[in-house]
Amino acid sequence: MRRWILGLLAGGLFLAGMLLLAGCGGTKPQETEVVPVTPPPQETEVVPVMPPPSETEPLEKEQQSAFGAFALRFAQEAVSQAQAEGTKNPLLSPVSAYTAMLMTACGSDGVSRDEFEELLGLPAEQWIKSGSAWMRFLNQTVEGLAVRSANSVWVDEETEVRETYLDQVSKELYAEVFHAQLSSQETMDKVNAWVSERTDGMIPAFRTEPYEEEVRLAILNALYLEASWAEPFKAQLTQEETFHAPDGDVRTLFLRDYMGNRDYVRDAGTEGILLPYQNSSLAFLALRATDGRTPQELLADLSFEKLQALVDSAERTLMDFSMPKLAVEYRQDLREVFWELGLRRTMTFGEADLSLMGSGRDGAPLFIGDVQQAVKLQVDEEGTKAAAVTEVAPEDGAACMEDPLVLCLDSPYLYFVLDTESGAPLFVGVAEQPAR
């Protein structure tokens, strides 16, 4: 169970999540008691947080299942919208999005709390317990696997924020708390420096412009993963081959394992490979349809139970396997994704209830106005590195004599970084256009 959690949260691998909340004019909610934040000093004030303990109780089955169900729904909706917009190589981090939304949910009440319970798959009384356990497991290192996670809350000087909310996220979710003028260039630079440090430089400049004047809080989760293959690929076998992309053939470098035993997965209409990482239950899963479906259609047809069954079907098989090396950077606007996933009232001014978090200028109510995510992933002979940032912003595989199975991923395919014990995906992507 402990390995499951480490894999699960690690898969978020490197994940970074960010979330913004803004006040946007309006009437202060009735019976909303707020405690004004002390005006910030000239330098950004930091409330340091001790690293989470290395020992904790494992996540409960209900918490595991809740995340797994969210992850697949989130990936399906996000990839569908990416396809509709014509974007290539979509890559998402469900665990980053989940963590950012969980931190936001802790400041919700009323109709917004109901929407977050539906989205997160857990009753409100379990949010802190689940999030705290995740953060403990996300900060562990073993040979061949490094997982780090960090949370922070950036409070604008004109925000009335509840001390109970800040106490909760700092003490239970290990969030650093900063007081700053969010709309300043200086704060943007400090946010980018924070993200870059927590993602080992994989995302060095998440924000390209200062926050809008309406943004009242910025809630970030940064997650980083570096995982080595349990069975590395030999660099001398890496060679240039042709990938048949939708827009035409591309010559690119392929990893290859000739006459090796690897974990082959398949069911009706689908085949692929499961590539485990060292010392964890994490693995890289690559899937393609054998019946003509695109990777997007394959993802849309998957249920969480089908995904788990595919992982469970893995069987050691003599293979001649090859797939392209990956180096993917991707960014997506997720506002419509979470609108479709049910946060409609929470993303509507005048209907959202984030009163347990606080309020904006002159008591203006908070609501979620925008959601963005940036993800980066690299796959080579040694293993995988990945990172992600989610921002929710408001308005205001022994040779033998038998013939090997040949699996060459030389056309678009679906891939996951997931936990093999539960099937819960942490990263989901579609490889459509490799680097030339």
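These notes go through some strands, helices and enclosed spaces of the structure, which is a predicted model.

1. Strand E12, which spans residues 282-289, is a reasonable place to begin. Seven of its eight residues are buried, so the strand is largely enclosed by the rest of the structure.

2. On one side, E12 pairs with strand E11 (residues 270-276) in the antiparallel sense, and seven bridges join the two. They form a hairpin with five residues between them, and in that turn asparagine 279 has a positive phi of about 55 degrees. E12 also pairs with strand E20 (residues 413-419), again running antiparallel, through six bridges.

3. Alanine 286 of E12 is a useful residue to follow across these pairings, as the bridge partner of isoleucine 273 is alanine 286, while in E20 the bridge partner of alanine 286 is tyrosine 415.

4. Helix H9 (residues 304-312) has the buried residues Phe304, Leu307, Leu310 and Val311. They cover an arc of only 120 degrees around the axis, which puts them on the same side of H9. As a general point, an α-helix has 3.6 residues a turn, so residues three or four places apart point the same way. The face of H9 turned away from the buried side carries the exposed residues Glu305 and Asp312. The buried residues of H9 pack against E11, E12 and E20, the strands discussed above, and also against H2, E10 and E21.

5. Helix H4 (residues 110-120) can be read in a similar manner. Its buried residues are Ser112, Glu115, Phe116, Leu119 and Leu120, and, seen down the helix axis, they fall within an arc of 120 degrees, so they line one face of H4. These buried residues pack against four helices, namely H2 (61-84), H3 (94-105), H5 (127-138) and H10 (335-340). Just after H4 comes glycine 121, for which the model gives a positive phi of about 75 degrees.

6. The largest cavity holds about 50 Å³ of space, and its lining consists of Thr99, Leu102, Met103, Gly131, Trp134, Met135, Asn151 and Leu173. Helices H3 and H5 are the elements that give two or more residues to this lining. By character, the lining residues divide into five nonpolar and three polar, with no charged residue.

7. The second largest pocket offers about 250 Å³ of space. It is lined by 21 residues, and those that lie nearest its centre are Lys325, Leu326, Ala327, Pro434 and Ala435. Strands E9 (239-245), E10 (248-267), E14 (326-333), E20 and E21 (425-431) each supply at least two residues of the lining, and the largest share, four residues, comes from E14. The lining of this pocket divides into twelve nonpolar, three polar and six charged residues.

8. A last point concerns asparagine 221, which has its place in strand E8 (residues 215-228). Asparagine 221 has a relative accessible area of 1% and is therefore buried, the cut-off for that term being under 20%. The C-alpha atoms of asparagine 221 and valine 95 are separated by 9.9 Å, although the two residues are 126 residues apart along the chain.

Note on methods: Residues numbered from 1 in each chain as written. Predicted model: local features only at pLDDT ≥ 70, side-chain atom pairs only at ≥ 80, totals over all residues. Heavy atoms only, no water. Buried < 20%, exposed > 50% of the residue type's maximum accessible area, 1.4 Å probe, protein only. Pairing = 2+ DSSP bridges. 1 Å grid on protein atoms, 1.4 Å probe; cavity = no way out; pocket = protein on both sides within 12 Å on 5 of 7 lines; lining within 4 Å. Points joined across faces, edges and corners; volume = space filled by probe spheres on them. Nonpolar A, V, L, I, M, F, W, Y, C, P; charged D, E, K, R; others polar. Arc of directions from axis to C-beta. Contact = heavy atoms within 4.5 Å.
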